[in-house]
Amino acid sequence: MTRRLILIHGRAQQGKDSIALKAEWLQALEIGMANANLKMPIAERDVRFPYYGDTLAQLDAGRLPGQVADVVIRGEGVDDDEVRFMRAVLEETRLRAGITKEQLAAITGQAVIERGLENQAWFQTILQALDRHVPYASGASIALATHDVYQYLKNDAVRQVIDDGVAAAFEPGVETVVVSHSLGTVIAYRLLRLHGKARGWKVPVFITLGSPLAVAEIQRGLRREATVRCPECVGSWFNAFDDADVVALYPLVPARFALDPSQPEIEDKSDVHNHTENHHGIGGYLDDTTVAARIHAALR
């Protein structure tokens, strides 16, 4: 029987046409395969593209991304736990980007310690620093990505809608390769880990691209539900990211993302050159020759 392919997108896809998005993903993948002298081995009808782009956006009442970031920073409608979550993730992003406290002080005009400024001032300082010192990074985009991951992990109603939509793309007993990107990797991992075996899903290869799973605060959220391991319904796991991707931050290696049990290991590729402007776009991952060849091999 022909293997199927499920593509699970990341954030910032609201208001888009799911059919057009699926076509964009497949076009980039076909370019990568062509560069490896390969052709897509399955028909388009065997590719599923569960779309949840509008679910998270509905929380933010149609505001523009910059307006949403301002609301989050000001703490309007944001509980203390989300503030803590966002501070932890942004501080980890700052450290990974090598932004020093002296550079933060140059923005505020005063010495900055992680807890030395009120939340709004601290957030504004960190986001300005990311804009200023990290090439192609957008502090507002990073804040929004963090906000969306938090909503998925902590908002039961949002998570249920997204999970139901993605789960509907699977068919028990049918071998299905899963390729996920960004926030989609958190959704895919959690679904496969918690429900894949019980629902009879068979995933010979799980592929994560630009994944933030190794970010400490995200791991803590996942570990509260179950130990972190390769999902039991998954045969092998391949992860790829660009070292300049400020959403992914880290490779999924034992030092950063320890599995229990440790086998099967995650095969990690950290030398992708993602040509998109922010080094995080899905096109720059799918048209990578090695990534495309791995997806091709998984489908065969």
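**Figure 1. Strand 3 and strand 4 pair in the parallel sense over four bridges.** The model shown here is predicted. Within this pairing, V179 has I207 of strand 4 as its bridge partner. Strand 4 is mostly covered, with seven of its seven residues buried. Strands of a sheet pair through backbone hydrogen bonds, in either a parallel or an antiparallel way.

**Figure 2. The open sheet is built from six strands.** Their order is 2-1-3-4-5-6, and the pairing is parallel. Which strands stand at the edges? Strand 2 (47-48) and strand 6 (266-269) do. Each has a single partner strand, so one side of each is left without a neighbour in the sheet. The protein as a whole has twelve helices and six strands.

**Figure 3. Strand 6 pairs with strand 5, and helix 12 packs on the sheet.** Strand 5 (residues 234-240) joins strand 6 in the parallel sense, over four bridges. E267 in strand 6 is the bridge partner of F238. Helix 12 (residues 289-299) packs on the sheet and touches strand 1 (4-8), strand 3 (176-181), strand 4 (203-209), strand 5 and strand 6. The direction of helix 12 makes about 165 degrees with that of strand 4.

**Figure 4. T176 is a buried residue of strand 3.** The relative accessibility of T176 is 3%, under the 20% cut-off, so T176 counts as buried. Which backbone oxygen does the side chain of T176 reach? The side chain reaches that of V174, at 3.0 Å. Leaving aside residues up to four places away in sequence, T176 touches R4, L5, I6, K202, V203, P204 and V205.

**Figure 5. Helix 8 packs against helix 9.** Helix 8 (residues 156-167) and helix 9 (residues 183-196) meet at an angle of about 75 degrees. Their axes are 11 Å apart. Helix 8 is therefore roughly perpendicular to helix 9. On the helix 8 side, the contact uses R159, I162, D163, V166 and A167. On the helix 9 side, the residues are I187, R190 and L191. How many residues of each class make up this contact? Five are nonpolar, three are charged and none is polar.

**Figure 6. I162 sits in helix 8.** Is I162 buried or exposed? I162 counts as buried, because its relative accessibility is 1%. This residue also takes part in the contact with helix 9, where residues of helix 8 meet I187, R190 and L191. Along the chain, I162 and P50 are 112 residues apart. Their C-alpha atoms are separated by 9.1 Å.

**Figure 7. A34 belongs to helix 1 (residues 18-35).** A34 is partly exposed, with a relative accessible area of 45%. A34 and D287 are 253 residues apart in sequence. In space they are 9.0 Å apart, C-alpha to C-alpha.

**Figure 8. The whole chain gives the setting for these views.** The protein has 300 residues, and buried residues make up 53% of them. The contacts considered next join residues at least 6 apart in sequence. Of these, 79% join residues at least 24 apart.

Note on methods
Residues numbered from 1 in each chain as written. Predicted model: local features only at pLDDT ≥ 70, side-chain atom pairs only at ≥ 80, totals over all residues. Heavy atoms only, no water. Pairing = 2+ DSSP bridges. Helix = DSSP H or I, 4+ residues; strand = E, 2+ residues; numbered from the N terminus. Contact = heavy atoms within 4.5 Å. Axes fitted to C-alpha atoms, helices over the stretch in contact; angles between N-to-C directions. Parallel < 35°, antiparallel > 145°, perpendicular 65-115°, else oblique. Nonpolar A, V, L, I, M, F, W, Y, C, P; charged D, E, K, R; others polar. Buried < 20%, exposed > 50% of the residue type's maximum accessible area, 1.4 Å probe, protein only. Polar contact = N/O pair within 3.5 Å; in protein donor to acceptor, adjacent residues only side chain to side chain.
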